[in-house]
Amino acid sequence: MRLLVLLWSLGPLLWQLRTSLLRPEALVAPLLDGNPWTLANYQLVLSGDPPFWRYLTNSTLVGLATTLLTLLLAVPCAYGLQRLRGPLRWGVGLALVAAAMFPTVLLFLALLEIARSIGLANNLLALSLPYTALSLPLAVLLLRAAFADLPRELEDAARLEGLGLGQRLRFVLLPLLGPALASTAILVFLASWNEYAIALTWISRSDLLTLPIAIARIGGGSVFTIPYGAFAAATVLGSLPLLLLVLLAQRSIVSGLTRGAVKG
Amino acid sequence: MKSRTVSLLLMLPALLLLAAVFLYPLLRYGWLSLQASSVLTGLVPVPNGGANWGRLLDDARFWTDAAQTLRFALCSVALELLGGLALALLLHRPLRGRGPLRALTLLPWALPTTVMALGWRWIFNDPHGPLNAAIRSLGGSSYGFLSTPSTTWFFVVLADVWKTMPFVALLLLAGLQTIPADLEEALRLEGACRLQILRRLTLPLLVPYLSLALLFRLAQALGVFDLIQVLTGGGPAGSTESLALYAYLNAMRFLDFGYASTVMLATFLLLLVSLGGGWLLLRRHGLERTTEQAT
């Protein structure tokens with residue numbers, strides 16, 4: 001059973017790994033002679049112009065900026081929302097759920113207009129603005145649930161000690177939110193790393209592409225001309241960081257989504 | 001300052017950004033959908049008295065795409081819920097190596113859609129992909145997985161299920177973890193078998209999580225874009241084109257921003273109607289089930 005699940009989840013990826021290590025001729029027909037295995041596909045991808053690692057650093061940069069900005073905005077918002085009473089609290093909560101479900105591709109045209117009119121197109125860091133907005137709903141919902149878990153007396157005590165709002169947040173509440181912040185950060189980073197429609201329309205300079213767009217471009221030709229070996233190598237290289245992240249942060253991701261689902 | 005004012009001020013920056021990114025586009029599409037703004041007008045918006053909406057009603061391609069999108073969404077969400085439930089039940093059991101197993105099953109969800117869309121394109125390749133190689137070695141002849149208009153949509157569904165099932169499983173796993181183990185134990189002592197426990201205890205308690213997964217995935221699937229753009233480009237013969245892809249083509253290829261806005265807004269409205277329908281259905285059946293269970 002376990003084996004079956006692993007085969008289903010990893011099979012397509014392992015096939016990519018195999019493809020990436022084969023000589024192009026070996027993909028089409030069994031070789032009659034010689035060794036079919038090669039690293040040439042990786043050399044090709046890494047020596048491209050721009051080299052493949054550029055896309056990885058681009059995506060990482062946007063991901064980190066987005067994560068930072070999202071947390072900066074989401075933490076105060078979640079705290080405020082948690083303290084708020086009355087119909088507004090309910091209304092904002094509902095709006096956040098609706099926004100979290102919204103298929104983001106429908107936003108790209110209006111966002112592209114904005115980007116063009118204020119000169120944000122082809123600006124890698126500017127991408128993190130819409131990304132932050134796309135991540136905010138989930139981040140606020142997760143963090144609000146985490147704030148709700150903290151005992152109310154804790155903050156009251158800190159207030160009696162004379163700590164201001166900023167100090168209470170920084171020295172009392174946030175240290176206790178460590179796990180929630182970590183899992184929120186990872187989910188935000190993943191979402192921004194994988195976003196497609198906005199990056200596709202905002203970025204046209206090839207040295208600024210994020211990974212998903214770059215990979216789609218590599219495969220952009222017709223079905224018959226796709227250099228599958230090179231593409232598979234790109235897939236493997238692009239998957240490795242995520243594989244590491246998921247393996248290391250599995251607990252965080254699961255607990256983050258769990259908490260979100262229980263409270264949301 | 002009053003505590004309420006402080007709360008609102010704390011929320012303001014985030015809410016402003018959200019309004020700019022979510023609300024503004026919808027308003028903008030509402031306005032643009034009443035304008036002609038295409039190459040013909042030099043990309044300058046000119047009011048055209050609702051002609052876009054009239055065109056939409058007569059646009060066979062839009063309605064075909066709407067039906068195709070709905071078919072894709074319903075099939076893939078149904079399969080994801082079934083598969084996700086099975087996967088969640090498996091991952092919930094105390095198995096050796098559960099942590100790494102959870103991480104590895106989660107991997108498809110964590111990868112960029114485009115990456116694996118191209119991966120699937122190779123797997124489905126006719127005639128060199130592994131699937132066709134396997135079919136041939138069993139004595140069959142190659143099948144055009146991505147070039148047969150009547151069946152290609154199903155293989156797109158398959159690729160989507162592969163990618164998003166882990167996410168559904170994770171949500172349901174969260175639900176499973178809220179079910180007290182002693183309840184299950186009590187039923188088992190009463191002599192209930194596994195299937196009965198699943199029907200009488202697990203499923204009813206999972207209803208909120210199933211509903212959440214259903215609504216969330218339905219919304220996402222109705223807006224499917226990157227998977228289809230990369231896997232099939234909407235083909236063969238437009239048989240997998242989704243509404244979002246059609247809207248994208250109107251904007252970026254046909255450069256008709258007025259009509260593209262109309263299509264996007266119409267897609268959004270269809271989405272609202274579908275989700276509303278789903279929600280009502282869930283409330284009727286889901287709540288009845290839960291109350292039945294409680295009494």
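These legends go with a set of close-up views of a predicted model.

**Figure 1. Chain B at a glance.**
Let's start with the whole of chain B, which has twelve helices and two strands. Follow the sequence and you meet them in the order α-β-β-α-α-α-α-α-α-α-α-α-α-α. Along its principal axes, the C-alpha trace of chain B spans about 75 × 75 × 35 Å. Chain B has 295 residues, and 43% of them are buried. Now take the contacts in chain B with a separation of 6 or more: 67% of those link residues that sit 24 or more positions apart.

**Figure 2. The annotated domain in chain B.**
Here we zoom in on residues 66-276 of chain B, where UniProt, in an unreviewed entry, places the feature "domain: ABC transmembrane type-1". What share of this stretch is helix, and what share is strand? Over residues 66-276, chain B is 75% helix and 0% strand. The C-alpha atoms at the two ends of the stretch are 17 Å apart.

**Figure 3. Helices H8 and H9 of chain B.**
Two packed helices are described by the angle between their axes and the distance between the axes. In this view, helix H8 (residues 181-189) of chain B meets helix H9 (residues 194-222) of chain B, with axes that come within 10 Å and cross at roughly 140°. With that angle, H8(B) counts as oblique to H9(B). The crossing of H8(B) past H9(B) is right-handed. On the H8(B) side, look for B:Leu183, B:Glu184, B:Leu187 and B:Arg188. Their partners on H9(B) are B:Ile197, B:Arg200 and B:Leu201. Sorted by class, the contact of H8(B) with H9(B) has four nonpolar residues, three charged ones and no polar ones.

**Figure 4. Helices H8 and H9 of chain A.**
Over in chain A, we look at helix H8 (residues 152-160) and helix H9 (residues 165-176), whose axes come within 11 Å and cross at roughly 135°. That angle makes H8(A) oblique to H9(A). H8(A) passes H9(A) in a right-handed crossing. Which residues of H8(A) and H9(A) meet here? From H8(A) there are A:Leu154, A:Glu155, A:Ala158 and A:Arg159, and from H9(A) there are A:Arg168, A:Val172 and A:Leu173. The contact of H8(A) with H9(A) splits into four nonpolar, three charged and no polar residues.

**Figure 5. A:Pro137 and its surroundings.**
Next, pick out a single residue: A:Pro137 sits in helix H7 (residues 128-149) of chain A. Is A:Pro137 buried or exposed? A:Pro137 has 21 C-beta neighbours inside 10 Å, so it counts as buried; the cut-off for buried is 20 or more. Leaving aside residues up to four places away in sequence, A:Pro137 touches A:Leu96, A:Ala99 and A:Ala100. Look for A:Gly93 as well: it is 44 residues from A:Pro137 in sequence, while their C-alpha atoms are 8.9 Å apart in space.

**Figure 6. Where chain B touches chain A.**
Finally, we turn to the contact between the two chains, which takes 71 residues from chain B and 67 residues from chain A. Which helix gives the most to the side of chain B that touches chain A? Helix H1 (residues 3-32) of chain B does, with 17 residues. By class, the side of chain B that touches chain A has 51 nonpolar, 15 polar and five charged residues.

Definitions and conventions: Residues numbered from 1 in each chain as written. Chains lettered and ligands numbered in written order. Predicted model: local features only at pLDDT ≥ 70, side-chain atom pairs only at ≥ 80, totals over all residues. Helix = DSSP H or I, 4+ residues; strand = E, 2+ residues; numbered from the N terminus. Buried ≥ 20, exposed ≤ 12 C-beta atoms within 10 Å, placed from the backbone. Contact = placed C-beta atoms within 7 Å. UniProt positions renumbered as here; feature names shortened; annotations may be inferred. Axes fitted to C-alpha atoms, helices over the stretch in contact; angles between N-to-C directions. Parallel < 35°, antiparallel > 145°, perpendicular 65-115°, else oblique. Left-handed = near helix turned anticlockwise from the far one by under 90°. Nonpolar A, V, L, I, M, F, W, Y, C, P; charged D, E, K, R; others polar.
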